[in-house]
Amino acid sequence: GREMAFEIERRTGRGATLLKATGSYSGLDKDVVMCACDNKQMFHVQRAAKLCDPKSFTVVLESSEVLGEGFKV
């Protein structure tokens, strides 16, 4: 999780949020890395994820608005 978040920040300048999760099928503890980015940065986020964990997958959700520190109002 932390390695992936660091790689995302290195490639895009965007921070990430780390979430602890449990797989419902496997029952195993997992890390979820969540990052809000623009369309141009999404490619780099996906590359960072695969580099750090080849078995990882990404979920892309479109947002109409992102507010908070680091984002323009």
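## Elements around the largest pocket

Helix 1 (2–12), strand 2 (29–34) and helix 2 (39–52) each contribute at least two residues to the lining of the largest pocket, and among the elements it is helix 2 that gives the most, with seven residues. The model described here is a predicted one, and the pocket in question holds about 1300 Å³ of space. Of the 35 residues that line this pocket, the closest to its centre are Val33, Met34, Cys35, Thr58 and Val59.

In chemical terms, the lining of the largest pocket divides into 19 nonpolar residues, seven polar residues and nine charged residues.

## Overall architecture

The secondary structure of the protein consists of two helices and two strands, and these follow the pattern α-β-β-α when read along the sequence. The C-alpha trace spans about 40 × 20 × 20 Å along its principal axes.

Of the 73 residues of the protein, 15% count as buried. Among the contacts with a separation of 6 or more, 43% are accounted for by residues 24 or more positions apart.

## Salt bridges within helix 1

Side chains of opposite charge can pair when their charged atoms come close. In this model the count comes to three salt bridges, and Glu7, Arg10 and Arg11 are linked in a network of such pairs.

Within that network, the side chains of arginine 10 and glutamate 7 meet with an N to O distance of 2.7 Å; these residues are three residues apart in helix 1, so about one helical turn separates them. Arginine 11 also forms a salt bridge with glutamate 7, the closest N and O atoms being 2.8 Å apart, and because this pair is four residues apart in helix 1, about one helical turn again lies between the partners. The surroundings of the side chains can be set out in turn: glutamate 7 counts as buried, at 10% relative accessibility, whereas arginine 10 counts as exposed, at 54%, and arginine 11 is partly exposed, with a relative accessible area of 29%.

## A salt bridge between the strands

Which residue does aspartate 31 meet in a salt bridge? The partner is lysine 20, and the side chains meet at 2.9 Å, N to O. Aspartate 31 lies in strand 2 and lysine 20 in strand 1 (residues 17–22), so this pair ties together parts that are 11 residues apart in sequence.

Is lysine 20 buried or exposed? With a relative accessible area of 74%, lysine 20 is exposed, while aspartate 31, at 43% relative accessibility, counts as partly exposed.

## Serine 56 after helix 2

Serine 56 is placed in the segment after helix 2, and, at 12% relative accessibility, serine 56 counts as buried, because buried is taken to mean under 20% relative accessible area. The side chain of serine 56 reaches the backbone oxygen of aspartate 53 at 2.8 Å.

When residues up to four places away in sequence are not counted, serine 56 touches Met4, Ala49 and Lys50. Of the elements named earlier, helix 1 covers residues 2–12 and helix 2 covers residues 39–52, so the numbering places Met4 in helix 1 and both Ala49 and Lys50 in helix 2.

How values were computed:
Residues numbered from 1 in each chain as written. Predicted model: local features only at pLDDT ≥ 70, side-chain atom pairs only at ≥ 80, totals over all residues. Heavy atoms only, no water. 1 Å grid on protein atoms, 1.4 Å probe; cavity = no way out; pocket = protein on both sides within 12 Å on 5 of 7 lines; lining within 4 Å. Points joined across faces, edges and corners; volume = space filled by probe spheres on them. Nonpolar A, V, L, I, M, F, W, Y, C, P; charged D, E, K, R; others polar. Salt bridge = Lys/Arg side-chain N within 4 Å of Asp/Glu carboxyl O. Buried < 20%, exposed > 50% of the residue type's maximum accessible area, 1.4 Å probe, protein only. Polar contact = N/O pair within 3.5 Å; in protein donor to acceptor, adjacent residues only side chain to side chain. Contact = heavy atoms within 4.5 Å.
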